[in-house]
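Thanks for sharing this one. Here are a few friendly notes to read alongside the coordinates.

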Amino acid sequence: MSMSPVEGVALAEVESGGDADAPKEEKGFVGRSPGQLAWLRLRGDRTAMVSGALLVFFVLVALSAPLIELLYGIGPSDQFQHKLDRFGMPLGYAGGVSGDHFFGLEPGLGRDIFIRLVYGLRTSLLIAFAAAVITAVLGIALGALAGYLGGWLDAVINWVTDLVLAMPFLIIALALTPTLTLRFYGERDAVSPAFGVGVLIAVFAIFGWTSTARLVRGQVIALREREFVEAAKASGAGLGHMLFRQLLPNIWAPILVSFSLAVPQFITSEAALSFIGVGLTEETPSFGRMIYQSLVYLQTDPAFVFFPGVAIFALVFAFNLFGDALRDALDPKSSR
Amino acid sequence: MDRPESAPSGEPDRPAVPEQRAGDPYLRVSDLRVRFDTADGVVRAVDGVSFAVERGRTLGIVGESGSGKSVTSLAVLGLHDPKRTTITGEISVGGRQLVGQPDEEVRRLRGRDMAMIFQDPLSALHPYYTVGRQIAEAYRVHHPRVSRREARRRAVDMLGRVGIPQPGRRFDQYPHEFSGGMRQRVVIAMALVNDPDLLIADEPTTALDVTVQAQILDLLADLQAEFHSAIIMITHDLGVVSQVADEVLVMYGGRAVEHGSVEQVLRRPQHPYTWGLLSSVPSLHGDADADLVPIRGNPPSLINLPAGCAFHPRCRYADRNGDRSRAQVPELRPAGAPGHLVACHLSADDRTRLYAEDIAHVGVAR
Amino acid sequence: MSVGDEPLLRVRGLGKHFPVRSGPRGRGLVRAVDGLDFDVRAGETLGLVGESGCGKTTTGRMLVRLLEPTAGSIEFAGRDITHAGRRELRPLRQDLQIIFQDPYASLNPRHTVGRIIAMPLLVNGIDPPGGVKARVRELLELVGLNPEHYNRYPHEFSGGQRQRIGIARALALRPKLIVADEPVSALDVSIQAQVVNLLRDLQRDLGLAFVFIAHDLAVVRHFCQRVAVMYLGRIVEIGDRDDIYERPQHPYTRALLSAVPDVTTLGPAGRIRLAGDVPTPLNPPSGCRFRTRCWKARDICAAEEPPLVPRDGGNQATACHFPESGPAGAGSGPAGAAPAAAGTGASVEEVSR
């Protein structure tokens, strides 16, 4: 919402009115940290709660995939050729949806879509979370050092950041993945699924840290001149104290937000890479590969496109909604 | 601006004004209440404030942060967001009612009949336009038929009037090329370009150095003598008030607590809050080794104002009237001398005696 | 330890020059602070006053070594700390602390008050007798806050209370000298007096020496025993409080004092009107830096920089070719020289661009 500068002045005057939230003196009050206040705001936000619950659900499903397989009685690689017609299309309505196969069967191989989605979720979340964690750690370390120390180190890190940003992600990913695979496996060898996952995470990590580094660097530079940082410096604090005690606690909020928005980005990137055939091997269940395979059957078996499509949409949407809500909760001024 | 225009070229199109009787104050504010709805609750930023300013006179509004002094002035100018703000009471400028008028009506008055000077001259000026263009623009908004050349001449004239040397040359410079004091002069020139009858200055010198502050205060006084405008000077600095004001309104927690001539309020103050302000301000005169007598506690929050007299938790004399200070909001009542009003539960005798015993010999109150 | 006249802090020729890019070509040198000499004895309060851009804040930061001096020397308790490294400074940090202006920016919003106040102890690996927590409570009590509030966060306090927290933090190491950089100017009027009184009590009770940086001359008068007036990076006058306020000798000091709006006088009193603003330190006037705004300026003022020398063998030193005499307010104002002042005023505008 836009606010005239004057309005801002007036509001600031109102808000600065002394102990607006000064707690009552008695009853052994324990201070509420800014983090706790953000949590309270988050809890009051219905969008955040719904999307958060959805995310928790997705994560639980992904974690308990083997358990679900056990209960469901069907594995991700099991084929049900006998339930396909002679053109390889699943028998029955809506792509073979039935009590045995909740979301029907894949045309051609006849694998169960539901359990492949469950495992695909696992793959997607694993890749996205791992990549997001690695990029965050890299970005925080490089950004904080560059921002706090400045000088030649800042120049070098900035230069590397620009270099990485200038590299075309898709082309390099396309070129790098097969080359790497060839390097470790022969022309004919079966590539292990774990290796494919690892390569994807590595590619994301190499390209993904720049935005976090930039963000952290900017925040650190802004904080560096703040008086509480100078107070610590004037008391003789060393680099470790400055970075970990004074600076980083103040930039967790934007880092968290960028993390929560990076995860869905990696999910879609993984899907996109799998879609164009780089990345994961055939037998690894993944959203991207499923959608890629399903496109052939868009006319004949739309249900095959529908279920993975809805799943990835719901996942990414929930992540993005939650990320935005988190941003508002951590920085209430940005939403005004 | 593309609104229908009927006034002759060059003449400001003043709508038919109810004839103002001589001696009537130019600005009259009665029982003004301003409320904001915020996530944390309703903020009663201004709660029943009344005052009047005649042309050629200066009213000083004194208060701390959160006292409602700035909100009051913004309400007069109609600058509050109507979606978040509820304003009741009466504001009459030159005989015209403002409260409840459509935005467009108030906007026409703003800048032409009344203008504002803000604390921070840098944020009041647009960095990408030359100062001259901004002043000329401000003129043309209310004089749409005026040629660019004429507007430029007017702007250069104003720059000269506010004491900017070589105004013709400085017309084409950008705000960053001016020093802080010169920028505030530009802002004043912009505020005065339409010859407003009411000038509201919100902490106009707080961001400036003392020697520059003295220049700006002198300038405002000179311009007032020349333009015969009514001025509202909003400030936290009693020193500034003592220099420029004819009348003083002391605000606390969104209410007026004392109102009178500058002589009355600063020399024979009646409210314990005013006493506190006077005895806590360090001075260049008197005993430098004596301790200042501060007001205890902190200014209140407007969301959670103390019941009764808002000042009672900080008042040394709150207990003298039993529970009245805590239970009952004191009304602004005559305090002896004509025109002197105070909102305090203490009896007139008590106030006179306490002032003489406790306050009169301390700090700058002497 | 140091008995007699040995000062706690001895500053000689202190300067800070910032390189800046000026205009499209060439680099300039901003002489933010230039050739400062002053001493602070143990338990003494020295006020540094001046308008914005006079270098008082830069000086304060150099004293606690947040900024590296580019010229001159700082001696603290007999040791040269001008370019001492972090490790060498460590033992001295305990004796030398700083209080900041902005009560909102000077406390880490993510730390509890207890952690903020204990920070200097932790950073220096000091375990006070009775433990850190006991010391924090003691400090909170000392600055007039409820000792039970140590686990609250800064945003739960008002501006004045926050400034008290900043003071408690500076006291944590039991320093001998505190640099206070505009400690009350961001506070509400009614709160300023509380904090000034607190600082006065602490100064008296703990025997602290202060370098008190402020633009508010009235506050400085109530806190400092000695006062140094700065203009454009130099000290123009230094002396005992009463000398500076009652018998100022430098025209700038007189102008500054007369410009302060004082509640004790109603209406525009006989102020000395200084023309123009402070010139830019990028290109300060030759000779006496104040000459462009001075009503007494003559040719010699442009040619020769007046040295800061004591007159009449007293404590009061003034850097002026034509020092004033007599009490403040009396003597030669600019009245007689008004045309000259107006004339130079125009040239000031040029410079201040």
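1. Two residues are in contact if their C-beta atoms, placed from the backbone, lie within 7 Å. On that basis B:Ile135 touches B:Ala155, B:Met158, B:Ala189, B:Met190 and B:Val193, leaving aside residues up to four places away in sequence.

2. A word on provenance: this is a predicted model, where local features need pLDDT of at least 70 and side-chain atom pairs count only at pLDDT 80 or more, while totals for chains, interfaces and linings use all residues. Residues are numbered from 1 along each chain as its sequence is written, and chains are lettered from A in the order in which they are written.

3. B:Ile135 also appears, with B:Ala189, C:Phe212 and C:Val229, among the residues with the most contacts inside the largest nonpolar core, which has 277 residues. Such a core is a set of buried Ala, Val, Leu, Ile, Met, Phe, Trp, Tyr and Cys residues joined through C-beta atoms within 7 Å, buried meaning 20 or more other C-beta atoms within 10 Å of a residue's own. Helix 5 (residues 113–149) of chain A gives the largest share of this core, 17 residues; helices are DSSP runs (H or I, at least four residues) numbered from the N terminus.

4. Now to the chain A–chain C contact: 25 residues come from chain A and 28 residues from chain C. On the chain A side, helix 9 (227–234) and helix 10 (239–275) each supply at least two residues, and helix 9 of chain A has the largest share, seven residues.

Notes: A residue is buried if 20 or more other C-beta atoms lie within 10 Å of its own, exposed if 12 or fewer, and partly exposed in between; C-beta atoms are placed from the backbone.
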